[in-house]
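Trainee: I've just opened this one and could use a guide. Could you walk me through it, one piece at a time?

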Amino acid sequence: MRVVIAGAGSVGRSIARELLGHGHEVTLIDRQPSAMRIASVADAEWLLADACEMPTLTEAKVDECDVVVAATGDDKANLVISLLAKTEYGVPRTVARVNNPKNEWMFDEAWGVDVAVSTPRIMTAMVEEAVAVGDLVRIFTFHQSGADILELTLPDDSPIAGIRVGQVVWPTDTVLACIVRGDRPIAPSADDTLEAGDELMFVTGREADEKELEHLLVAGPGAS
């Protein structure tokens, strides 16, 4: 996979190193000479230029890449980069960093953003996940599809603890994607038994009812 990352700060470089470690090709773009820390990500291609300008994106061969990551510290720049990548170069997937949570509403398909990543929002979700048992926590939202990733730690008194996955009738548009038991992730099958303390990861669509799901997990089926 070929990835172009706009923004070679600590976030962009960290993403680049992870992708290179998984065997992908990466190009890093930044307009600040001080960001050209080439030795820190030596296997990436580097380009000193403004990623908001089309000649830069053309030079980076954005039209040949699979993903563009707009990871600068400027929300306006990230929106422009995403829009150009999607509309002018037909990039299949764009991922944009949201620096200010107040701007998150703009990071959608109208601006060419497939996935918006808001660090404050994710950190908040992680804090809630760390302290909440029996509460449904939204970890991530895919802006293009509207799908959510939700997590709930099954409490000791959950009525579905001890029940096999195949016996549970999940709400509409809701899929149990993973069970984390201790430090072990489990791909759930119909014969797996749910246990108190399990971290359950769900993928839900637009028609999903989060209150219904939480009620099922905490209060049990048929409870009023």
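**Strands, pairs and a pocket**

Mentor: Let's start inside a sheet: L152 stands opposite L200 in strand 11. Keep in mind that this is a predicted model.

Trainee: Okay, how many bridges join strand 8 to strand 11, and which way do they run?

Mentor: Strand 11 holds L200, the residue that L152 faces. Strand 8 and strand 11 run antiparallel, and the number of bridges joining them is six.

Trainee: What is the order of the strands in the open sheet with antiparallel pairing?

Mentor: This open sheet has five strands. Its edges are strand 7 (137-141) and strand 10, each pairing on one side only. On average, neighbouring strands are turned by 25° against each other, direction ignored. Read across, the order is 7-8-11-9-10.

Trainee: Strand 9 sits between two others there, then. Which residue stands opposite F202?

Mentor: Strand 9 and strand 11 pair in the antiparallel sense, over six bridges. F202 is in strand 11, and the residue opposite F202 is L176.

Trainee: And on the strand 10 side, which residue takes a positive phi in the hairpin?

Mentor: Strand 9 and strand 10 (residues 184-186) run antiparallel, joined by three bridges. R181 has R184 in strand 10 as its bridge partner. The hairpin has two residues between the strands, and the one with a positive phi, near 70°, is G182.

Trainee: F202 caught my eye. What kind of aromatic pair do W170 and F202 make?

Mentor: The structure holds one aromatic pair. The ring centres of W170 and F202 are 5.4 Å apart, and with planes at 65° the angle is over 60. So the pair of W170 and F202 counts as edge-to-face.

Trainee: How many residues apart in sequence are the parts that this pair ties together?

Mentor: W170 lies in the loop between strand 8 (148-153) and strand 9 (174-181), while F202 lies in strand 11 (residues 199-204). The pair therefore ties together parts whose separation in sequence is 32 residues.

Trainee: Which helix lies across strand 7, strand 8, strand 9 and strand 11, and at what angle to strand 8?

Mentor: The helix covers residues 210-218. That's helix 5, running to strand 8 at about 25°.

Trainee: Now the parallel sheet. What is the order of its strands?

Mentor: This open sheet has six strands with parallel pairing. Strand 3 (45-48) and strand 6 (115-118) are its edges, each pairing on one side only. The twist averages 15° from one strand to the next. The order is 3-2-1-4-5-6.

Trainee: Which residue of strand 4 stands opposite A6?

Mentor: Strand 1 (residues 2-6) and strand 4 (residues 67-70) pair in the parallel sense over four bridges. In strand 4, the residue opposite A6 is A70.

Trainee: What angle does helix 3 make with strand 5?

Mentor: Helix 3 lies across strand 1, strand 4 and strand 5 (93-98). Its angle to strand 5 is about 175°.

Trainee: Last stop, the largest pocket. Which residues lie nearest its centre?

Mentor: The largest pocket has a volume of about 270 Å³. Helix 1 (10-21), strand 2 (25-30) and helix 3 (75-87) are the elements that give two or more residues to its lining. The lining has 20 residues, and nearest the centre are D30, R31, T72, D74 and A77.

Trainee: How do the lining residues divide by type?

Mentor: Nonpolar, polar and charged residues are each present in the lining of the largest pocket. The split is nine nonpolar, six polar and five charged.

Key. Residues numbered from 1 in each chain as written. Predicted model: local features only at pLDDT ≥ 70, side-chain atom pairs only at ≥ 80, totals over all residues. Heavy atoms only, no water. 1 Å grid on protein atoms, 1.4 Å probe; cavity = no way out; pocket = protein on both sides within 12 Å on 5 of 7 lines; lining within 4 Å. Points joined across faces, edges and corners; volume = space filled by probe spheres on them. Nonpolar A, V, L, I, M, F, W, Y, C, P; charged D, E, K, R; others polar. Pairing = 2+ DSSP bridges. Axes fitted to C-alpha atoms, helices over the stretch in contact; angles between N-to-C directions. Contact = heavy atoms within 4.5 Å. Phe/Tyr/Trp six-rings, centres within 6.5 Å; stacked < 30°, edge-to-face > 60°.
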